[in-house]
There are 4 protein chains.
Amino acid sequence: MTSMLEAGTLVTLCSASKKDRFLVTLEDGGKLETRLGIILHDQIMSAGYGGKVLSHNGSVFYVTKPTLEEYLRKIKRRTQIVFPKEAGYILLQLDIRPGARVLECGTGSGGMTTVFASFVGDEGRVYSYDVREEFIELARRNCRKWRVEQRVSFKVRHISEGFDEREVDAVFLDLPDPWNYLPQVRDALALGRRMGALLPTFNQIERFLRSLEENAFVDVEVVEILHRALKSDPDRLRPEDRMIGHTGYLIFATPILYSNRGDGVI
Amino acid sequence: MTSMLEAGTLVTLCSASKKDRFLVTLEDGGKLETRLGIILHDQIMSAGYGGKVLSHNGSVFYVTKPTLEEYLRKIKRRTQIVFPKEAGYILLQLDIRPGARVLECGTGSGGMTTVFASFVGDEGRVYSYDVREEFIELARRNCRKWRVEQRVSFKVRHISEGFDEREVDAVFLDLPDPWNYLPQVRDALALGRRMGALLPTFNQIERFLRSLEENAFVDVEVVEILHRALKSDPDRLRPEDRMIGHTGYLIFATPILYSNRGDGVI
Amino acid sequence: MTSMLEAGTLVTLCSASKKDRFLVTLEDGGKLETRLGIILHDQIMSAGYGGKVLSHNGSVFYVTKPTLEEYLRKIKRRTQIVFPKEAGYILLQLDIRPGARVLECGTGSGGMTTVFASFVGDEGRVYSYDVREEFIELARRNCRKWRVEQRVSFKVRHISEGFDEREVDAVFLDLPDPWNYLPQVRDALALGRRMGALLPTFNQIERFLRSLEENAFVDVEVVEILHRALKSDPDRLRPEDRMIGHTGYLIFATPILYSNRGDGVI
Amino acid sequence: MTSMLEAGTLVTLCSASKKDRFLVTLEDGGKLETRLGIILHDQIMSAGYGGKVLSHNGSVFYVTKPTLEEYLRKIKRRTQIVFPKEAGYILLQLDIRPGARVLECGTGSGGMTTVFASFVGDEGRVYSYDVREEFIELARRNCRKWRVEQRVSFKVRHISEGFDEREVDAVFLDLPDPWNYLPQVRDALALGRRMGALLPTFNQIERFLRSLEENAFVDVEVVEILHRALKSDPDRLRPEDRMIGHTGYLIFATPILYSNRGDGVI
């Protein structure tokens with residue numbers, strides 16, 4: 001019933017206590033050193049998905065297939081990344097689907113790039129802009145590890161110079177000053193489609209909302225998504241003592257045609 | 001720049017005040033009656049995506065392309081449905097992707113069925129079980145309207161009889177008593193993959209957690225996702241006065257191989 | 001064991017289902033008409049605290065002593081009032097205690113006036129300013145009904161004219177533009193003591209924070225207090241479906257002596 | 001304008017950055033050592049409330065009067081204590097007021113004892129039971145430091161032996177198994193008055209709710225109070241990154257007379 005895992009496979013090692021978790025790319029002769037002891041990659045390959053391995057000092061670990069939720073949390077980052085709680089909601093609000101063409105700016109550590117690339121599939125395409133070359137490189141590596149790099153066109157360019165793409169299905173902005181670039185967004189986005197942005201402070205939201213209004217974006221939604229975990233002990237069921245109090249606010253909006261204006265209503 | 005919309009297209013009409021929203025399947029000669037006046041489908045077709053239409057008494061509406069987030073909120077339902085805030089998070093936790101084979105039980109009104117079917121693409125497949133034939137019919141109609149019906153196999157059967165599928169990539173349970181069916185879930189799920197469930201009460205969570213432990217499911221996560229909207233007025237930025245206080249808790253877990261047991265650790 | 005209740009007593013009638021609740025001032029020959037039937041005040045007087053009365057058509061009600069929490073929720077109002085969740089926290093942050101002298105502005109419907117007057121006791125004093133005479137009248141009636149009117153000095157005056165009091169133990173501002181009146185607050189407050197304000201929007205908070213800094217108020221705290229109720233059914237324990245998403249933010253700060261400035265640090 | 005502070009006074013030293021805070025009882029010749037440098041108590045006495053002091057290496061601190069909110073957060077503890085967000089709400093729900101007689105069990109570190117004793121004033125009385133003598137001693141010291149010890153009768157006794165008091169205005173239980181002691185609560189509480197309890201887990205809430213029903217307590221409320229702070233930077237207004245996700249749930253209820261039963265309704 002168990003199948004051997006091959007070198008090159010990305011797996012999750014999860015301690016029985018669930019406190020320690022590792023994302024490991026298996027290598028022949030590889031070794032994982034943890035505070036709960038050493039595990040050989042060969043052990044993991046033999047155990048297979050759903051299998052159990054013991055570290056050299058007897059600690060129990062399980063082998064599972066990493067999910068995008070986990071990958072996103074563990075991704076190598078040099079910036080704040082979008083959390084799974086927000087990433088999932090963005091997919092539905094921007095109506096991402098297999099085959100979609102999605103434009104994002106900036107790339108950052110590539111967390112959201114990986115999410116978009118996972119869901120657009122091989123028929124879709126992600127265009128990811130960032131002015132900082134080192135971030136593009138990091139994002140490229142993060143996408144490669146999740147095996148979706150081939151679906152992404154990375155571009156080192158400042159958004160003020162505009163985007164190459166037209167008629168894309170969605171635009172997502174993770175920038176400190178998205179209010180400066182709404183004309184560029186409008187030029188790239190297909191009619192009737194939606195843009196999203198992530199902003200941490202109320203000052204930014206206020207400014208962005210004014211800009212959306214001036215640029216004839218309608219159907220504006222501002223929302224925060226909160227993730228509240230429970231301890232999973234059935235005898236002492238209760239919320240976790242600590243929670244993330246804030247990551248950022250999501251803003252979504254849809255541009256309408258200017259040609260419909262001229263009557264003062266927008 | 002504007003393109004005519006064809007009969008049969010599903011569009012969103014959104015009032016300038018954003019308070020009124022309509023999902024409309026366009027028909028030649030069709031008519032939409034709202035408390036803000038009457039709009040002819042012909043007007044909508046001519047306006048196109050991003051266009052503006054005026055009702056017979058002058059109220060302004062915009063035409064946009066419906067998103068999955070909106071469709072899910074507006075779906076015809078006879079049951080509580082999964083909300084967008086949860087649906088997005090489920091996609092990441094269950095690692096849904098184009099080409100995936102996903103099993104769900106029960107179908108209910110088909111909200112989550114539509115979400116899964118949207119993201120698995122034409123290469124993927126959703127198997128949706130419910131014992132209540134009328135719900136299957138409703139879900140089928142809801143999937144059809146979103147044009148993903150062809151990706152779903154609906155089955156009128158009680159979960160206790162087991163699933164036909166093996167090696168599926170994910171299982172999602174929206175049932176009042178998921179604790180009774182973990183062996184069936186284990187039989188259907190590929191090794192190392194994850195199952196999810198939605199439960200509204202703590203009594204259910206407690207019981208389910210015990211059952212997960214007895215059935216050797218590990219890496220358990222219990223979480224609630226909260227959606228808190230802000231009013232989008234930049235001069236009076238503040239959270240909405242009312243919010244949804246509760247929909248349900250999400251529980252995720254991964255079965256491990258029984259053959260690895262026998263040492264009392266699980 | 002039961003004691004008769006006298007005319008003039010304020011009591012709570014609470015239906016067995018807990019859905020209907022009434023605050024009643026008992027009168028000889030009085031009558032309470034509810035959607036669950038009619039109850040005579042004489043019945044309530046005989047039943048006494050902890051007693052049960054049946055309406056003319058058999059609905060069950062219990063007689064309890066009203067709490068300040070309940071009074072505050074039921075108070076006659078013409079303005080948004082401070083909620084119990086905020087009122088309690090304000091008491092601790094402003095260090096209200098028996099014998100304290102508390103200044104508030106504006107009075108509004110008198111909700112917070114009633115709270116302060118309840119906790120300062122007969123040795124304390126509340127000074128409540130509002131420019132709108134009709135609100136002062138409403139607040140006076142609300143304090144009278146809770147039998148604390150004698151502890152309050154109401155003053156019809158605009159805050160810009162300054163307060164009569166000096167060396168008060170706490171100041172609370174429920175005004176749309178508290179940033180305009182920090183010198184007046186400073187003049188009234190005893191050294192080392194704290195002021196609080198309630199503000200609904202982020203725009204107001206931003207402006208108020210700048211003003212606090214300019215006016216040498218330190219130890220600033222901005223907080224929102226959320227109240228999340230659970231349904232009290234032990235078989236289906238879960239949060240309530242709806243909750244209040246927003247009432248307002250509380251800001252607390254303490255002025256320091258200007259004479260200590262002059263070094264650019266504040 | 002500044003007044004000298006006397007030895008024996010409890011003051012707050014708050015660093016300009018607001019990150020460091022100290023509760024200090026002033027002593028002649030005393031010295032406060034902090035990671036931001038050393039401050040002499042004499043400096044604090046001369047600065048007075050609202051004054052500024054510099055540590056030996058130039059760090060700025062302000063002198064303010066400690067509030068009950070701060071005292072509660074800083075109290076010496078050997079147990080989880082009730083937080084200010086809950087303490088304030090309890091005051092309103094239990095209708096504590098100057099002159100009230102309040103019974104609590106168990107005493108714990110004396111946090112809630114201090115709160116009750118502060119608000120009942122010199123005419124009121126707090127009766128605080130705990131079976132653990134060392135906790136009573138800690139609580140006594142905590143009340144003494146806040147100068148309310150004389151209003152409290154501490155009793156080393158297990159609740160199962162019952163309370164000495166009758167007709168008290170409120171009862172508060174901070175025990176792991178409050179469901180075992182509802183008859184004792186009923187015996188002590190005046191008719192029509194309310195009891196409160198703090199419980200951290202859903203399992204406990206479920207069990208307590210069943211017990212409340214069996215013991216004819218009505219008007220049950222279960223609630224959690226959440227405290228969400230904002231960073232107080234007006235240029236980057238946003239919630240704090242981390243928040244306390246859980247302290248406990250508050251349950252309030254009022255016993256009704258058994259003599260009114262016998263009809264199956266309760």
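Let's start in chain B of this predicted model, where strand 5 and strand 6 (residues 60-64) run antiparallel and are joined by three bridges. If you want a residue to anchor your view, pick L54(B): standing opposite it in strand 6 of chain B is V60(B).

From that pair of strands you can step back to the sheet they belong to. Four strands of chain B make up an open sheet, and following it across gives the order 2-1-6-5, with antiparallel pairing. At the edges of the sheet sit strand 2 (21-25) and strand 5 (52-54) of chain B, each of which pairs on one side only. Going from one strand to the next, the twist averages 30°.

Now let's move to the place where chain A meets chain D. The contact draws 23 residues from chain A and 23 residues from chain D. Together the two chains bury about 1,900 Å², and 51% of that area lies on carbon and sulfur atoms. Which three residues supply more of the area that chain A buries against chain D than any other three? They are R228(A), M243(A) and H246(A), which supply 24% of it.

R228(A) is worth a second look, as it also takes part in a salt bridge with E224(D). In that salt bridge the closest N and O atoms are 2.7 Å apart. The count of salt bridges between chain A and chain D is two. Polar contacts can be tallied as well: 15 residue pairs across this interface meet the rule, with both residues at pLDDT 80 or more.

Which elements of chain A build its side of the contact with chain D? Helix 7 (202-214), strand 12 (217-231), strand 13 (238-239) and strand 14 (242-244) of chain A each supply at least two residues. Strand 12 of chain A gives the largest share, with four residues. Sorted by character, the residues on the side of chain A that touches chain D comprise ten nonpolar, five polar and eight charged.

Finally, follow strand 14 of chain A over to the other chain. Three bridges join this strand to strand 14 (residues 242-244) of chain D, and the two run antiparallel. To see the pairing at the level of single residues, find R242(A): its bridge partner in strand 14 of chain D is I244(D). So much for the tour; a good last view takes in both R242(A) with its bridge partner I244(D) and the salt bridge of R228(A) with E224(D).

Notes
Residues numbered from 1 in each chain as written. Chains lettered and ligands numbered in written order. Predicted model: local features only at pLDDT ≥ 70, side-chain atom pairs only at ≥ 80, totals over all residues. Heavy atoms only, no water. Pairing = 2+ DSSP bridges. Axes fitted to C-alpha atoms, helices over the stretch in contact; angles between N-to-C directions. Contact = heavy atoms within 4.5 Å. Buried area = accessible area lost by both parts, 1.4 Å probe. Salt bridge = Lys/Arg side-chain N within 4 Å of Asp/Glu carboxyl O. Polar contact = N/O pair within 3.5 Å; in protein donor to acceptor, adjacent residues only side chain to side chain. Nonpolar A, V, L, I, M, F, W, Y, C, P; charged D, E, K, R; others polar.
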